[in-house]
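Okay, thanks for having me. Let's bring the structure up on the screen and walk through a few spots together.

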Amino acid sequence: MVERKSGTAGPVTLTDGLSRRHFLGLVGTGIAMSLAGPSAWGAFELPPDELDRWKRSLTAEGKSRVYLSNIHRDARMHLGGIGTGNFEIGADGRLTTWQLFNTLRDGEVPFHFGVKTGQVAKLLQTTGGPEWPRVKQIEMTGDYPVATLRFRDDDLPVQLELEAFTPFEPLNTNLSSMPLAIFRFRISNPTAQPQTVSLAGMMLNPVGYASIGKIDGRSHLGFGANINESFREGSGAGILMSAQKGRDPVLDQAVCLCLLEDLFVVPPDPQSWQKNYAASNPHEFDLPPLDRPKNLKVTVIRPGQFDAGQLPDPAHTVIWLEDAPVGLPAALLAEIKRAVEAGATLAFSGKTMPLLDAYATVTGGKPFDESSLRPEVVFDDFEHGYGNWTMEGNAFGTEPASGPLANQQLISGFEGKYFANSYVGGDGSTGRITSRKFTIDRNYIRFLVGGGRSASTQIRLIVGGQIVRASSGQDDERLRPASWSVMDLAGREAHIEIVDEATGGWGHITVDQIVFSDWPGDHDVLPLLDALLPIRFS
């Protein structure tokens with residue numbers, strides 16, 4: 001069994017005539033994880049007799065471990081040869097974490113086993129899969145490279161066991177690199193009556209999936225003309241899964257598509273097809289499979305770096321702003337306006353369109369008038385200490401920070417010289433600072449926030465003793481623009497709390513520039529939008 005962890009290993013000195021490929025054969029999938037400590041990496045510098053003893057230990061019997069589906073829900077074992085892609089089988093009977101599509105993403109492919117004996121039919125897993133009757137419990141023994149699953153269910157009159165494994169032998173790279181997994185069932189009849197038993201294996205043809213998005217039943221945007229062909233060779237039979245190759249995508253003329261890099265919001269579902277192929281992560285366009293016309297060029301717009309004057313052919317350029325954030329910098333929109341004036345096409349799209357939604361609220365469908373906005377109120381920018389805040393705990397120290405604290409990564413995105421930082425004493429410290437009370441008299445509360453993204457590291461708006469708004473960082477040290485719409489709370493008394501209740505990794509929060517405003521972003525964006533948009537709307 002393996003425990004999946006992230007990390008890096010130092011350089012390895014290979015002696016005793018071991019090539020890098022042979023070393024991979026030595027350690028193998030799973031064993032590599034258990035040997036990734038310093039003692040394993042240093043094994044190749046041992047004297048010859050000790051090295052031989054270490055090699056023999058690879059094939060020595062170990063003590064079996066038993067995992068139960070109702071207790072060890074995360075116990076899983078890799079299936080698949082070394083360097084050939086893998087998926088995992090778990091104590092719950094599910095086959096998960098498919099890494100077979102050369103995309104560096106974990107996928108999930110519907111693949112299930114079932115049994116029928118007499119009038120009883122069961123899915124051979126305790127969770128997931130179709131909404132069919134499932135076996136009640138699974139007991140799994142993990143002796144790498146073999147996972148043995150024993151299916152326990154009083155409704156079944158037979159005893160059923162599955163061995164799932166990939167050919168593996170320490171020191172034998174060729175055998176251990178075979179791209180396959182084997183499932184072997186054993187059925188025994190403990191009763192005095194004959195039993196008729198049927199086994200079923202059900203797998204969806206995943207060609208075209210590429211681990212992007214979620215397969216919904218049998219549907220996925222990547223599927224089309226998928227073909228299943230049965231075949232026989234000798235005494236064996238199988239199914240070949242493939243798909244007809246479609247026509248190559250074409251454009252009748254070259255187009256440059258410019259996508260805005262999302263610097264403001266982390267998408268709630270990173271596996272969403274629409275999110276990945278829009279603005280939330282435009283870099284996905286350059287990950288395989290590159291299913292696009294050869295004369296379609298995709299570039300990423302980065303605030304502070306986009307220069308309309310550098311566009312080679314504005315007339316054949318499309319600037320695509322999907323769900324443009326309210327924190328869109330005015331300098332960037334000004335460059336986009338220059339590109340549009342030079343002939344580029346600007347497209348706003350998305351499900352929520354925060355920037356245009358806020359613009360419609362402010363203008364009410366009329367030409368923008370600066371006088372309609374009340375002056376902004378800087379509630380606190382932390383340039384003059386914590387004098388207006390009540391302190392609890394020790395996480396925020398006695399004064400705002402002017403940069404990273406001891407052992408903290410580089411911090412960016414704050415304004416002025418100082419900001420609130422709960423990293424005093426590291427991630428293990430906790431605390432809270434509470435603002436003075438105020439009456440809500442603007443449409444938005446705007447601020448900068450960074451640090452941890454959990455519910456334990458938040459800036460919160462408290463009204464009537466209740467948390468009515470809350471925001472966190474994104475597990476990085478960049479303070480990013482954020483805002484709350486508080487139009488529905490106008491006239492209510494409120495206060496703000498900045499809370500650090502976390503003690504683990506990213507157990508801190510950074511906050512700066514809390515502003516009360518009638519516009520949630522940069523004011524200079526409004527006249528630019530007024531000039532760019534072809535219609536007015538509320």
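Let's start with helix 9, and keep in mind that this is a predicted model. The buried residues of this helix are V525, L526, L528, L529, D530 and L532. That's 6 of the 8 residues in the stretch 525–532, so helix 9 is largely enclosed by the rest of the structure. And what do those buried residues pack against? They sit against helix 7, which covers 330–341, strand 17 at 345–349, and helix 8 at 354–363.

Two of those names come back in the next part, the sheet. Here 4 strands make an open sheet, in the order 15-14-16-17, with parallel pairing. Strand 15, residues 296–301, and strand 17 stand at the edges with a single partner strand each, so one side of each has no neighbour in the sheet. From one strand to the next, the twist averages 25°.

Zooming in on one pair: strand 14, residues 255–260, runs parallel to strand 15, and 6 bridges join them. If you want a spot to look at, C256 is opposite K297 of strand 15. Helix 7 packs on this sheet too, touching strands 14, 15, 16 and 17, and its direction makes about 145° with that of strand 16.

Last stop: E477, over in strand 26, residues 476–485. E477 is buried but has no salt bridge, and the nearest side chain of opposite charge, R480, is 9.9 Å away. So what does the E477 side chain join up with through a polar contact? That's the side chain of H508, at 2.8 Å. Beyond its close sequence neighbours, within four places, E477 also has contacts including Q408, L410, G451 and W506.

Conventions: Residues numbered from 1 in each chain as written. Predicted model: local features only at pLDDT ≥ 70, side-chain atom pairs only at ≥ 80, totals over all residues. Heavy atoms only, no water. Buried < 20%, exposed > 50% of the residue type's maximum accessible area, 1.4 Å probe, protein only. Helix = DSSP H or I, 4+ residues; strand = E, 2+ residues; numbered from the N terminus. Contact = heavy atoms within 4.5 Å. Lys, Arg positive; Asp, Glu negative; His and termini not counted. Salt bridge = Lys/Arg side-chain N within 4 Å of Asp/Glu carboxyl O. Polar contact = N/O pair within 3.5 Å; in protein donor to acceptor, adjacent residues only side chain to side chain. Pairing = 2+ DSSP bridges. Axes fitted to C-alpha atoms, helices over the stretch in contact; angles between N-to-C directions.
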